[in-house]
Amino acid sequence: MVQQSGCTIFRKAAVILTLLLSAFAVSTASYADLSSEERKSIESAIDAVKPALVRIHVADVEYDQGREIKSESVGSGAIISKDGYIVTNHHVAGWAKRLVCTMSDKEEIEADLIGTDPLTDIAVIKLRQTSTRSKFPVAKWGDSTELRVGDRIFAMGSPLALSQSVTMGIVSNTEMIMPDFFGSMTLDGEDVGSMVRWIGHDATIQPGNSGGPLVNGKGEIVGINEIGLGSMAGAIPSAIARPVAEEIIKSGKINRSWLGINIQPLLKGSNQKTGVLVGGVVDGSPAALAGIRPGDIIVRLAGKDVRVLFAEEIPLFNQMIAALPVDKEAGITVLRDGKELPLKVTTKCRPESYLRPRELKQWGMCVSNITFAKARECKRANQDGALVWSVRPGGPCGEAKPSVEEDDIIVDVAGKPVKNIQDLADITAEITKDKTEPTPVLITFDRDGERLVTVVKVGIKSIEDPGKEVRKAYLPIGMQVITKDISEALGIGERTGVRVTQVYPNSSASKAGIKIGDLIVALDGEEIPASQPEDTEVLPAMIRQYKVGTNADLTVIRGKEEMKVTVLLEEAPPLPREMKKYRDDNFEFTVRDITQKDRIRQNLEKDVIGVYVDEISQGGWAALGRLSVGDIICTVEGNQVNSVDDLQKQMELIAERKDKNVVLRVRRGINELFVELETDWTNGK
């Protein structure tokens with residue numbers, strides 16, 4: 001569900017529960033007042049659609065900070081053909097990387113995005129046929145133009161990602177628009193309200209209902225639920241949604257006629273009773289070429305009279321323009337200086353307002369092709385170049401001098417022209433082929449009318465083996481500093497040192513008999529000057545001055561007794577920063593070999609073998625699959641992982657095969673579980 005701001009809003013669980021209980025109470029009370037015949041009618045209407053109702057689990061993307069960031073969301077939809085086409089909202093599925101639909105019988109089936117239309121917020125996806133299903137239940141379309149205020153309707157979907165549900169209400173408004181003070185509802189640069197007049201109704205909907213059907217008393221789809229406005233909801237009428245969905249099924253996209261004008265209702269001070277006011281004309285548009293000017297009043301289009309006196313009538317005129325044949329001449333009559341002026345306009349296909357970005361990891365940026373509108377805004381003669389959408393801080397483009405910034409347009413790389421993002425991707429593949437280090441490349445880009453150059457180090461630097469540090473002596477215990485307050489509370493006066501908090505098993509400390517709670521106050525007779533919480537490295541620093549394998553005498557206070565304990569100083573185990581690492585750029589996670597400290601901290605038995613997950617990129621595929629920092633990856637696709645090198649070989653084989661799903665068995669704390677990862681295998685190239 002989209003709120004008036006265009007953003008999906010989730011409330012705290014307690015508030016959500018209260019709202020659901022309130023809605024349930026109202027629905028129960030109203031339903032209880034109905035006659036048995038009315039109840040049967042309602043049940044019949046619901047039963048006609050419910051088998052075709054689906055919950056849509058979406059893995060979608062946004063492009064920010066130079067990265068393609070994955071996230072999860074949930075919406076609703078209805079199956080409209082036996083072969084599995086589903087109608088839903090663009091804002092549900094239009095940016096999907098992966099779609100999984102839960103059927104009314106709880107079976108989960110993957111789906112593919114067929115096409116999407118942000119101008120009407122309609123998208124079509126298609127269920128994949130399975131071994132058990134080749135045909136699907138269907139919900140029938142109804143005619144939204146027959147709806148009247150007061151008609152009973154049902155909102156069906158998956159509110160808050162819950163199982164498929166139904167709420168009941170009435171039609172409150174058949175020509176609902178957004179008031180000016182609300183602002184426009186814009187999706188991907190398109191003002192949905194410029195084309196759609198919503199069916200307003202009071203059936204309760206929540207986030208998750210988006211894309212679900214609005215159903216009439218006959219059990220027909222008369223709208224696609226989209227927005228919430230307080231206690232009101234808005235649905236896209238079937239008179240708009242159905243032809244859009246059918247055109248997407250037929251051709252995968254929507255082609256509309258476009259004139260390139262901005263319109264508004266006739267001014268209140270005007271004596272004119274018919275026509276629509278032209279507020280602006282886009283340079284180079286069909287309207288501009290036809291001679292239409294701002295201030296003209298269009299009174300006829302393609303032989304039909306025009307009237308836009310109120311904001312509610314604007315979508316009807318825009319629908320009239322969109323329905324004109326593309327690339328065909330149409331008559332248009334304007335009123336200018338009190339006189340009618342007949343003109344001819346040749347329509348064009350409506351240009352896209354928004355072209356999807358693409359992440360190029362080797363550059364640390366996201367780029368897109370240039371829209372017609374962006375080219376006009378930048379006063380460019382054409383749409384050549386790659387538009388910088390966003391830049392990753394600290395990445396290659398961000399570190400260049402001068403840096404590459406958002407809204408720059410890259411026109412040349414290494415002497416090769418860049419006309420679009422595919423050119424840039426191809427050039428990038430050539431530059432980085434067989435390279436293990438970033439390659440400095442001269443690029444040319446446009447910014448605010450200037451043509452600049454800079455050098456970008458293109459590529460992803462391989463993780464280097466850090467090598468082993470010189471081994472130092474080490475006391476295998478955990479410790480805390482004895483502060484002044486602690487020493488007074490323990491009754492040891494002003495003695496300083498450390499308190500033993502952990503004795504590592506099977507170590508020289510445990511063999512020497514050191515116990516948790518012992519107070520170590522001196523090393524070979526030298527007092528340990530640790531009295532502040534930040535002095536935790538004082539004793540380890542003293543011990544590092546000894547040779548590995550030597551004995552040291554510790555002065556220990558245990559209870560009321562002071563004693564000498566001789567302990568063999570071990571070789572310090574490798575630190576996490578010393579361990580070999582591997583970064584998987586497809587799934588966006590980094591692992592390293594397991595340290596002794598990892599085993600101690602996580603109570604890992606000796607027979608637990610694997611690699612430690614050291615880093616997860618936020619918004620990456622690993623994060624979406626819920627792999628976590630601190631997990632121990634034990635197997636990949638059932639194959640044991642013995643080391644970082646072992647995992648790297650297995651992940652490289654998976655990349656060659658482009659496996660659809662990758663299953664990891666991981667150890668998380670004391671539990672074991674399976675984590676399923678997916679990727680689209682674009683690798684940002």
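# Notebook: a predicted model, residue by residue

**Isoleucine 254.** I began in the loop between helix H4 (238-251) and strand S16 (257-258), where isoleucine 254 sits. The model is predicted, so I read every value as computed. I listed the contacts of isoleucine 254, leaving aside neighbours within four places in sequence. They are Asp117, Val244, Glu247 and Ile248. I also checked cysteine 349, which is 95 residues from isoleucine 254 along the chain. Their C-alpha atoms are separated by 9.6 Å.

**Cores.** Which residues touch the most other members of the largest nonpolar core? I found Leu127 and Trp198, in a core of 56 residues. Another core lies apart from that one and has 26 residues. Phe589, Ile616, Ala622 and Leu647 are among them. In soluble globular proteins, nonpolar side chains tend to be buried together.

**Helix H15.** Leu647 took me to H15, residues 644-657. I noted 14 residues and a reach of 20 Å from the first C-alpha to the last. That is close to the 20 Å expected at 1.5 Å a residue. The buried residues of H15 are Val644, Asp646, Leu647, Gln650, Met651, Ile654 and Ala655. What covers them? I found strands S39 (581-584), S40 (589-593), S41 (611-616), S42 (632-636), S43 (639-640) and S44 (662-668) included in the cover. Lysine 658 follows H15 and has a positive phi, near 55 degrees.

**Other backbone points.** Most residues other than glycine have a negative phi, and most peptide bonds are trans. I logged the exceptions I came across. Glutamate 637 is not a glycine, yet its phi is positive, about 50 degrees. I placed glutamate 637 in the loop between S42 and S43. With 36% relative accessibility, glutamate 637 counts as partly exposed. Lysine 106 is another non-glycine with a positive phi, of about 80 degrees. The loop between S5 and strand S6 (108-117) holds lysine 106. Lysine 106 is exposed, at a relative accessible area of 52%. I then looked at the peptide bond from lysine 401 to proline 402. This bond is cis, with omega near 0 degrees. Proline 402 is in the loop between helix H8 (396-399) and strand S27 (409-413).

**Salt bridges.** How many does a search of the whole structure find? The search gives 42. I opened three of them.

- Lysine 70 pairs with glutamate 68, the closest N and O atoms being 3.3 Å apart. Both residues are buried.
- Aspartate 680 pairs with lysine 97, the closest N and O atoms being 2.2 Å apart. This pair links distant parts of the chain, 583 residues apart. Aspartate 680 is in the segment after strand S45 (671-677), and lysine 97 is in strand S5 (residues 96-102). Aspartate 680 is partly exposed at 25%, and lysine 97 is partly exposed at 28%.
- Glutamate 377 meets lysine 374 at 3.5 Å, N to O. Both lie in helix H7 (residues 372-377), three residues apart, about one turn of the helix. Buried or exposed? Glutamate 377 is exposed, with a relative accessible area of 58%, whereas lysine 374 is buried at 13%.

I then traced shared partners. Salt bridges join Arg67, Glu68, Lys70, Lys97, Glu588 and Asp680 into one network.

**Arginine 67.** I followed that network to arginine 67, in strand S3 (residues 67-79). Why does arginine 67 count as buried? Its relative accessible area is 15%, and buried means under 20%. Leaving aside neighbours within four places in sequence, I listed the contacts of arginine 67. They are Glu62, Glu359, Cys366, Ser390, Arg392, Glu588, Ser617, Gln618, Gly619 and Gly620. Glu588 thus appears in this contact list and in the salt-bridge network.

**Surface.** I looked for nonpolar side chains at the surface. Leu442, Val453 and Val455 make a nonpolar patch of about 250 Å². Valine 453 belongs to strand S30 (residues 450-458). Valine 453 is partly exposed, with a relative accessible area of 47%.

**Lysine 511.** My last stop was helix H11 (residues 508-511), which contains lysine 511. Lysine 511 counts as exposed, at 70% relative accessibility. I checked lysine 511 against isoleucine 482, 29 residues apart along the chain. Their C-alpha atoms are separated by 24 Å.

Note on methods. Residues numbered from 1 in each chain as written. Heavy atoms only, no water. Core = buried A, V, L, I, M, F, W, Y, C linked by side-chain atoms within 4.5 Å. Buried < 20%, exposed > 50% of the residue type's maximum accessible area, 1.4 Å probe, protein only. Helix = DSSP H or I, 4+ residues; strand = E, 2+ residues; numbered from the N terminus. Expected span 1.5 Å × (residues − 1). Contact = heavy atoms within 4.5 Å. Patch = residues over 30% accessible without salt bridge, like charges linked within 9 Å, V, L, I, M, F, W, Y side chains within 5 Å. Areas by Shrake-Rupley, 256 points an atom, 1.4 Å probe, with all protein chains shown as cover. Salt bridge = Lys/Arg side-chain N within 4 Å of Asp/Glu carboxyl O.
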